[in-house]
Each structure stands twice: as structure tokens, then as C-alpha cells.
Amino acid sequence: MEPEIFAPGIVNTGLYTRDLAISKDGNEIYFCVADADFAAIFVTKCIDNHWTEPQALDEPVNSQENEFFPSVITLVKLICLLILPAGRYVLCKMKKNGYY
């Protein structure tokens with residue numbers, strides 16, 4: 001079996017992509033996109049066997065600060081790391097009700 005790039009143009013876009021997390025049913029992928037100036041959490045969903053265009057999550061997940069390390073604990077929670085100025089870190093947990 002030959003390795004292949006996952007979701008070219010969706011998850012792998014040429015930007016610095018890291019910290020991939022997959023929902024329990026495999027139909028949602030959360031990942032961090034970062035560069036020298038920002039880091040944010042994005043999501044793509046598999047609908048009718050095709051991945052949707054990635055969307056940046058709204059507040060409270062993405063904020064004016066840099067967010068890293070999405071981790072799907074169950075189908076109803078998303079955990080991410082918020083990096084604040086002066087090197088402080090906050091671990092955030094959100095429940096899903098259609099939005100985070």
C-alpha cells in the first residue's frame with residue numbers, strides 16, 4: 001500500500017496544517033492551520049462521500065489568540081488549547097449544539 005496525501009486541497013492546502021482530530025463516526029475532521037501570525041481550528045465534514053470546504057470555527061473556539069490541538073473526546077465535546085500572550089495556556093472545552 002502506497003501512502004497518499006489525505007484530502008488534497010481540503011485539509012492539505014500548502015498551509016501549515018497540524019493537530020488532526022477525527023470524530024468517532026469519521027465524518028468530521030478538526031485540524032489546526034497556522035502560520036507565523038495566527039493559528040486557528042478548522043472543521044471539514046464528509047457529506048455524500050465528499051469532504052466539505054473547511055470552515056474556521058467561531059468563538060468561543062477561535063478567538064483573537066492562537067488555538068492549537070483540537071481533540072474530539074466524544075461526539076458532543078471539542079477540546080482545544082488556547083495560547084494567550086506571555087506564554088499562558090488555557091485548555092477549553094465546548095459542547096456541540098450545532099455550533100461550538
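This is a guided tour of the structure, with a suggestion at each stop for what to select next.

Before you begin, keep in mind that the structure on your screen is a predicted model.

**First stop: two strands and a hairpin**

Select strand S1, which covers residues 16–22, together with strand S2, and you will see two strands that run antiparallel and are joined by 5 bridges. To look at one of these pairings in detail, pick Ala21, whose bridge partner in S2 is Tyr30. Then follow the chain through the hairpin of S1 and S2, where 5 residues lie between the strands and where Gly26 takes a positive phi near 80°.

While S1 is still selected, find Asp19, which belongs to this strand and which has a positive phi near 60° even though it is a residue other than glycine. The side chain of Asp19 also meets the side chain of Arg18 in a salt bridge, with 2.7 Å from N to O. Arg18 counts as partly exposed, because its relative accessibility is 24%.

**Second stop: Glu28 and its partners**

Now move to Glu28, which has its place in strand S2. Is Glu28 buried or exposed? With a relative accessible area of 12%, Glu28 is buried, since the word applies to values under 20%. Show its side chain and look for two partners. One is Tyr30, whose side chain makes a polar contact of 2.5 Å with the side chain of Glu28. The other is Lys45, whose side chain meets that of Glu28 in a salt bridge, at 3.9 Å from N to O. This salt bridge links distant parts of the chain, with Glu28 in strand S2 and Lys45 in strand S3, 17 residues apart. Lys45, unlike its buried partner, counts as partly exposed, at 34% relative accessibility. With the pair from the previous stop in mind, you may note that the count of salt bridges in the model comes to 2.

**Third stop: a pair of rings**

Next, select Phe31 and Phe42 and turn the view until you can see both rings. How many aromatic pairs does the structure hold? It holds 1, and Phe31 and Phe42 form it as a stacked pair, with 6.1 Å centre to centre and 20° between the planes. Because Phe31 lies in strand S2 and Phe42 in strand S3, the pair ties together parts that are 11 residues apart in sequence. Both rings belong to buried residues: Phe31 has a relative accessible area of 2%, while that of Phe42 is 18%.

**Fourth stop: the nonpolar cores**

Hide what you have selected so far and show the side chains of Ala21, Tyr30, Cys32, Ala34, Ala39, Ile41, Val43, Leu57, Val61 and Phe68, which together make up the largest nonpolar core, of 10 residues in all. Strand S2 (28–34) and strand S3 (39–47) each supply at least two residues of this core. Apart from it lies another core, of 8 residues, and among them are Ala7, Phe31, Val33 and Phe42, so that the two rings of the third stop appear here again.

**Last stop: Asn49**

Finally, select Asn49, which is found in the loop between S3 and strand S4 (50–51). Although Asn49 is not a glycine, it has a positive phi of about 70°. Asn49 is exposed, with a relative accessible area of 69%.

Notes
Residues numbered from 1 in each chain as written. Heavy atoms only, no water. Core = buried A, V, L, I, M, F, W, Y, C linked by side-chain atoms within 4.5 Å. Buried < 20%, exposed > 50% of the residue type's maximum accessible area, 1.4 Å probe, protein only. Helix = DSSP H or I, 4+ residues; strand = E, 2+ residues; numbered from the N terminus. Salt bridge = Lys/Arg side-chain N within 4 Å of Asp/Glu carboxyl O. Phe/Tyr/Trp six-rings, centres within 6.5 Å; stacked < 30°, edge-to-face > 60°. Polar contact = N/O pair within 3.5 Å; in protein donor to acceptor, adjacent residues only side chain to side chain. Pairing = 2+ DSSP bridges.
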